[in-house]
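Okay, thanks for squeezing me in. Have a look at the screen and I'll talk you through what I pulled out.

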Amino acid sequence: MALEWLRVWDWLDRGELLLSTLLAIVVVSGWAKLRMRQLRRGAPEERYRRWFITEHRVYNPYLAAPETLRLERTLVPLFVTEDGQPDRAADAGERIADRDSHVVLLGDAGSGKTTTLKAFGIAALGGIDGRGGDGRIREVPFLVPVRLLRGVVQPGTVTDYILAMLRSQKGLALTKEEAQQLFAQVLQQRRCVVLLDGLDEVTPTRYSAVRDEVYRFLNDHTPELPTANARIVITCRRLTFLRIADDWRPERLGAHRSYVLAPLRDTEILAYLRAFPDRFPEVDGPQRFMQQLRASGTLGMHRNPLVLSMSVGLYAGRKFPAIAHSTARLYDEMIDEMLGRHSFRADDLSSGANEFDQADKLRVLREFALRAALGPPGFGPFDRLALVDFVSATGDRLRQNLNGRSGDFVDEIIDRSGLLSRVADEQYEFVHRSLQEHLVAAELLRQRDDGLRLLRERAMEREWRRVVLFYTATADQAFVTGFIEDLADVDPALACACLAGADCLNPVGFSVLERMAGPLRDPRPPVMLPALAAVLSATASPRAAIRDAARDLAFTWLTKVAGEADAADALGGTHETLLDVVTMLVERLGESSISRLMVTRLVGVVPDDPRFVEPLWRCLRTVEGAGTDDPSLVPLVDRLLRLATDPACFHTLQRQPAAQPRFATAPLRQQVYPFRRGLDRESNLVTLLCWAREVAAEAADVNRFLEAKATDPGRWASLEADWRRRAASVVVPVVRAHRVDRHRAERATGATLTLLSVAALVAVGWDLARPGGLLGPVGGTAAVLLATAELGLALTMLGLQPRIRTRGVRMWRPNEWIDAYEDPRSRHWLVPEGGEGRPVGGVTA
């Protein structure tokens with residue numbers, strides 16, 4: 001017995017019990033950290049993440065094969081404005097997720113607002129694979145279609161909708177406690193983002209209540225559900241938002257950033273077409289489809305993502321497609337295609353074919369769309385049973401005898417056409433609001449005089465605006481001319497907007513345009529901006545005389561306006577017509593009323609589109625033989641430099657006719673571009689750099705190239721030599737820590753373990769420092785390692801997370817501007833794509 005006690009004493013003397021205890025503490029605290037992470041992330045949150053991605057990852061219902069949705073494949077470039085100033089569009093979509101402020105996302109019908117919103121939600125959750133990869137803390141998005149806020153909006157409606165959605169959705173179905181816990185958790189951790197989709201779809205009678213509920217939601221600091229910690233992303237049609245913009249100013253909404261969805265550029269259209277190799281199996285298939293769009297004269301129409309997706313679904317794969325020449329005709333063809341795409345007969349078997357008549361289904365959708373628009377559903381969701389009852393009531397007018405199978409008839413439309421989408425159990429809506437608006441217009445046209453009389457009664461209602469536009473774009477000249485003439489008496493801006501697609505008589509069109517002179521002179525933005533947008537829309541009229549008159553009116557307004565920011569914002573939001581206006585001004589340079597200064601008034605709002613390079617470069621070339629003291633040259637050169645940061649714009653610039661300003665001598669070209677393995681010194685970009693030097697337009701914030709040139713000319717000039725020596729470097733890891741928010745229980749546990757870890761380190765250090773310590777060198781070292789590991793676990797529970805990055809440590813004096821070769825905004829300025837000296841594997845070849 002005495003021997004056993006001696007062994008125990010010897011074991012204790014060696015400190016093995018202490019080490020074992022420390023090891024047990026580390027293991028237990030590691031388990032606790034993992035468990036708290038599970039509680040923090042929560043099984044409900046992971047289930048919600050999977051459900052959200054499954055529910056919203058697929059889009060584009062007009063194609064046979066749905067496409068997986070990713071933020072980088074949203075297809076819609078964002079033209080960003082902040083405080084009235086333009087910004088680059090290339091990475092704007094990513095920056096929605098990176099900013100802490102609220103977001104207002106604007107666009108025209110079919111511009112991709114909802115698609116972008118869903119794509120942002122998936123990106124906020126870390127992407128489809130959940131990894132994210134950018135180190136950001138995941139936000140948790142809650143998509144709230146404003147049209148689904150039922151009845152009279154009351155305080156708490158948004159909160160109630162989110163909680164009810166978490167409990168009711170198939171594939172999710174959280175318990176009441178789980179839903180409350182998930183929502184409270186992400187609010188307390190400031191990871192909640194509410195996606196309010198379709199502010200423009202709120203009826204005027206409910207708009208004030210919706211606005212007040214959003215204000216309340218963003219100012220509620222209740223401890224249980226502090227919704228003030230959330231941020232919101234609101235989508236709205238651009239013209240609708242112009243009327244209500246005062247309600248969403250920063251002093252009311254809070255700090256926010258505004259985004260305007262711009263029409264697709266040629267590069268985005270081609271990228272979209274290349275995403276469907278099954279529809280374009282030939283290598284040059286996308287290019288040939290683009291040529292067909294140009295030949296049909298409808299390429300401008302196809303810069304709308306909705307129109308483009310419909311055309312791909314209709315015409316892709318056809319050798320000689322007869323592409324519709326109007327948006328209304330395209331909608332008709334698309335609806336016919338969607339209703340009949342399962343009417344095939346394969347091997348004389350009909351098991352997979354549609355059972356019901358296609359014309360009957362089109363009639364039902366037209367008539368029901370109008371009935372719903374006139375009733376309480378309006379342009380929002382409706383009950384499936386309501387559609388079934390409508391079919392039963394109108395069965396006598398159908399060509400096919402349904403024999404009591406109205407439900408099957410409706411189910412075939414829902415399951416096989418893709419024109420209706422489910423929003424909740426037994427709740428459906430048209431897959432895009434513009435589809436219902438088009439069907440309503442088509443039904444009104446079919447009813448002739450009765451339909452025209454009904455449209456006159458509804459024309460002044462805001463939610464019927466697009467119906468009016470569809471109707472006038474499709475109606476016969478005999479109907480539409482008188483309607484637009486009467487409409488101009490009550491709403492001249494809407495009548496003017498109708499000219500974009502209407503085939504009305506020229507005198508009536510001229511009269512409508514004359515009426516716009518008054519609103520254009522009105523200094524109040526709610527009056528002037530819609531008038532300007534309407535005039536610019538009329539510049540796309542199918543009638544040449546009206547089109548020219550609208551352009552002249554826009555030109556007259558531009559010659560008188562003093563460059564107000566509101567006007568610039570309006571022009572920036574109408575991408576296609578802005579191009580027309582800029583081109584018109586350049587073509588008429590030299591006339592008594594036009595100066596280069598008129599062009600520079602619009603230069604600031606020009607988006608990054610290659611089509612703007614040509615007129616701006618032509619404008620600059622008009623003074624290549626004159627002096628450089630013209631004040632309009634600085635903003636013109638500055639904007640061209642900013643456009644050239646986009647690779648597509650850069651290549652367009654390089655293809656323009658060469659300019660030869662007299663000051664651009666060979667020594668100056670070498671001075672502004674001293675690199676041997678980059679661009680040709682006679683290229684247009686080098687000429688533009690000479691212009692920048694001559695007029696003192698530094699634009700140092702454009703990219704790393706110009707920033708280095710303006711900040712440190714010596715180091716800038718040695719970029720090429722330093723880049724060639726870049727291989728002589730060593731990559732080493734760099735550890736940095738950043739702070740994230742944790743649940744209060746996890747913070748308390750982490751603080752306790754931190755104190756224990758520090759106390760253990762102090763005790764072990766004291767034991768090692770004294771002669772004949774308990775642990776000895778080996779045991780003391782092991783104890784230090786265990787206590788340090790415990791301290792690391794404790795600090796991560798407090799919210800400190802390490803970030804390990806790599807840094808290249810060069811064997812020579814590093815050049816801080818060397819990343820100009822990696823910056824996508826300047827890389828093509830230094831080494832042309834495919835040219836000699838192109839970086840290969842990080843080293844200049």
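Before anything else, a word on exposure: buried means under 20% relative accessible area, exposed means over 50%, and partly exposed is in between, with a 1.4 Å probe and protein chains only. Also, this is a predicted model, so local features need pLDDT of at least 70 and side-chain atom pairs count only at pLDDT 80 or more, while totals for chains, interfaces and linings use all residues. Residues are numbered from 1 along each chain as its sequence is written, and side-chain values use heavy atoms, with hydrogens and water left out.

Right, the overview. Of the chain's 845 residues, 51% count as buried. The secondary structure comes to 40 helices and 16 strands; those are DSSP runs numbered from the N terminus, H or I with at least four residues for helices, E with at least two for strands. On to contacts, meaning heavy atoms within 4.5 Å. Take the contacts in the chain with a separation of 6 or more: 73% of them are between residues 24 or more positions apart.

Now, salt bridges. I'm counting a side-chain nitrogen of Lys or Arg within 4 Å of a carboxyl oxygen of Asp or Glu. How many does the structure hold? There are 41 salt bridges.

Let me pick a few. Asp-246 and Arg-249 pair up through their side chains, N to O at 2.8 Å. Asp-246 is partly exposed at 42% relative accessibility, and Arg-249 is partly exposed too, at 41%.

Next, Arg-618 with Glu-614, where the closest N and O atoms are 2.8 Å apart. Both sit in helix 30, residues 613-621, and because they are 4 residues apart there, about one helical turn separates them. Arg-618 has a relative accessible area of 27%, so it goes down as partly exposed, and Glu-614 at 30% is partly exposed as well.

The third pair is Asp-819 and Arg-704, at 3.0 Å, N to O. Asp-819 is in the loop between strand 14 (800-810) and helix 40 (827-830), and Arg-704 is in helix 35 (residues 704-711), so this pair ties together parts that are 115 residues apart in sequence. Which of the two ends is buried and which is partly exposed? Arg-704 is buried at 18%, whereas Asp-819 is partly exposed at 28%.

There's also a network of salt bridges, linking Arg-363, Arg-366, Glu-367, Arg-397, Glu-443 and Arg-446. That takes us to helix 15, residues 358-374. Helix 15 has 17 residues and reaches 25 Å from first C-alpha to last, close to the 24 Å expected at 1.5 Å a residue; the expected span is 1.5 Å times one less than the number of residues. Helix 15 is mostly covered, with 12 of its 17 residues buried. Among the buried ones are Arg-366 and Glu-367, and both of those belong to the network I just listed.

For another helix, try helix 7, residues 176-188: 13 residues, reaching 18 Å, close to the 18 Å expected. Its buried residues include Leu-182, Phe-183, Val-186 and Leu-187. Helix 7 is followed by Arg-190, with a positive phi near 60°.

Now some packing. Two packed helices are described by the angle between their axes and the distance between the axes. The axes of helix 20 (residues 465-474) and helix 21 (residues 477-490) come within 9 Å and cross at roughly 140°. For the record, axes are lines fitted to C-alpha atoms, for helices over the stretch in contact, and angles run from 0 to 180 degrees between N-to-C directions. What meets what here? Val-468, Tyr-471 and Thr-472 in helix 20 meet Phe-479, Val-480, Phe-483, Ile-484 and Leu-487 in helix 21. By class, that contact has 7 nonpolar, 1 polar and no charged residues, where nonpolar is Ala, Val, Leu, Ile, Met, Phe, Trp, Tyr, Cys and Pro, charged is Asp, Glu, Lys and Arg, and polar is the others, Gly among them.

Last stop, His-256, in strand 9 (residues 256-261). His-256 is buried, at 17%. Not counting residues up to four places away in sequence, His-256 touches Ser-101, His-102, Val-103, Val-104, Trp-248, Arg-249 and Pro-250. And Arg-249 is our salt-bridge partner of Asp-246 from earlier.
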